[in-house]
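Me: I've got a structure open and would like to talk it through with you. Could we go element by element?

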Amino acid sequence: QVQLVESGGGLVQAGGSLRLSCVASGTIFGINDVYWYRQAPGKQRDMVAVVHSDSSTDYVDSVKGRFTISRDNAKNTMYLQMNSLKPEDTAVYYCYAEIIDHTRRAHYYWGQGTQVTVSS
C-alpha cells in the first residue's frame, strides 16, 4: 500500500516562506506526475502546481513567480517552496501523485494534507 505524507505547513506572516514536503512510501515502482492542491475553508480543492515525470512544471497563475515545485526521485519526495506568501494562500495543501504501485499499474493517491496559514 502506498502512503503520501505531507509536512512543512504552519503559521507564517505575509511575505514569509514555507517549504512543503511530500514523502511517498510503500511498494513503489515509479512516480509519474505529482501535483500540489490546496483547499481554503468553504472552497473547492484547486490545483496549485504540477511536476511531470520529465521534471517539467506548470503553475496556476496566482502562484507563478512565488512557488516552485520540485521532486527528488531517489527519495520519493516532492516539494513545494512557497515564497512571498499572501493571506489568500491560506489553505490546507495536499500532495496528489500518480504512482506505479504493487499492482505494477499507475494509481492516484492523496496525502492527508498540511495546513498553511498566512497572517496579514
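Me: Sure, let's begin with strand β9, residues 91–100. How many of its residues are buried?
Reply: Keep in mind that this is a predicted model. Buried here means under 20% relative accessible area. By that cut-off β9 is mostly covered, and of its 10 residues the number buried is 8.

Me: Which residue in β9 stands opposite G30?
Reply: Start with the pairing: β4 and β9 run antiparallel and share 8 bridges. β4 covers residues 30–39. Within that pairing, the residue opposite G30 is I100.

Me: And on the β10 side, what is the bridge partner of I100?
Reply: β10 spans residues 106–110 and pairs with β9 in the antiparallel sense over 5 bridges. In β10, the partner of I100 is A106.

Me: Which residue takes a positive phi in the hairpin of β9 and β10?
Reply: Most residues other than glycine have a negative phi, so a positive one is worth a look. This hairpin has 5 residues between its strands. The one with phi near 65° is R104.

Me: What about β11, which residue there is the bridge partner of A91?
Reply: β11 is residues 114–119, and 3 bridges join it to β9 with the two strands antiparallel. In β11, the partner of A91 is V116.

Me: S119 is in β11 too. Is it buried, partly exposed or exposed?
Reply: Buried would need under 20% and exposed over 50%. S119 has 27% relative accessibility, so it counts as partly exposed.

Me: How far apart are the C-alpha atoms of S119 and K75?
Reply: Along the chain, S119 and K75 are 44 residues apart. In space, their C-alpha atoms are separated by 32 Å.

Me: Moving to the largest nonpolar core, which strand gives the most to it?
Reply: The core has 30 residues, and L4, L80, M82, Y93 and I99 touch the most other members. Several strands supply at least two residues each, including β3, β5, β7 and β11. The top contributor, with 5 residues, is β9.

Me: There's an open sheet of 4 strands as well; which strands stand at its edges, and why is one side of each left without a neighbour?
Reply: The order is β1-β3-β8-β7, with antiparallel pairing. Each edge strand has a single partner, so one of its sides has no neighbour in the sheet. The twist averages 15° from one strand to the next. The edge strands are β1 (3–7) and β7 (67–72).

Me: In β3, what is the bridge partner of E6?
Reply: β1 pairs with β3, residues 18–25, in the antiparallel sense over 5 bridges. In β3, the partner of E6 is C22.

Me: Which class has 7 residues in the lining of the largest pocket?
Reply: This pocket holds about 250 Å³ of space and is lined by 15 residues, with R38, A40, K43, D46 and E88 nearest its centre. β4 and β5 (46–51) each supply at least two of the lining residues. By class there are 4 nonpolar and 4 polar residues, and the class with 7 is charged.

Me: Last one: S84 is in the loop between β8 and β9. What is its phi near?
Reply: S84 counts as partly exposed because its relative accessibility is 41%. Its phi is positive although S84 is a residue other than glycine, and the value is near 50°.

Terms used: Residues are numbered from 1 along each chain as its sequence is written. This is a predicted model: local features need pLDDT of at least 70, side-chain atom pairs count only at pLDDT 80 or more; totals for chains, interfaces and linings use all residues. Side-chain values use heavy atoms; hydrogens and water are left out. On a 1 Å grid over the protein atoms alone, a cavity is a set of points where a 1.4 Å probe fits but cannot get out, and a pocket is an open set with protein on both sides within 12 Å along at least five of seven lines; lining residues have an atom within 4 Å of a point. Grid points are joined across faces, edges and corners, and a volume is the space filled by probe spheres set on the points. Ala, Val, Leu, Ile, Met, Phe, Trp, Tyr, Cys and Pro count as nonpolar, Asp, Glu, Lys and Arg as charged, and the others, Gly among them, as polar. Two strands pair if DSSP finds at least two bridges between them. Axes are lines fitted to C-alpha atoms, for helices over the stretch in contact, and angles run from 0 to 180 degrees between N-to-C directions. Buried means under 20% relative accessible area, exposed over 50%, partly exposed in between (1.4 Å probe, protein chains only). A nonpolar core is a set of buried Ala, Val, Leu, Ile, Met, Phe, Trp, Tyr and Cys residues joined through side-chain atoms within 4.5 Å.
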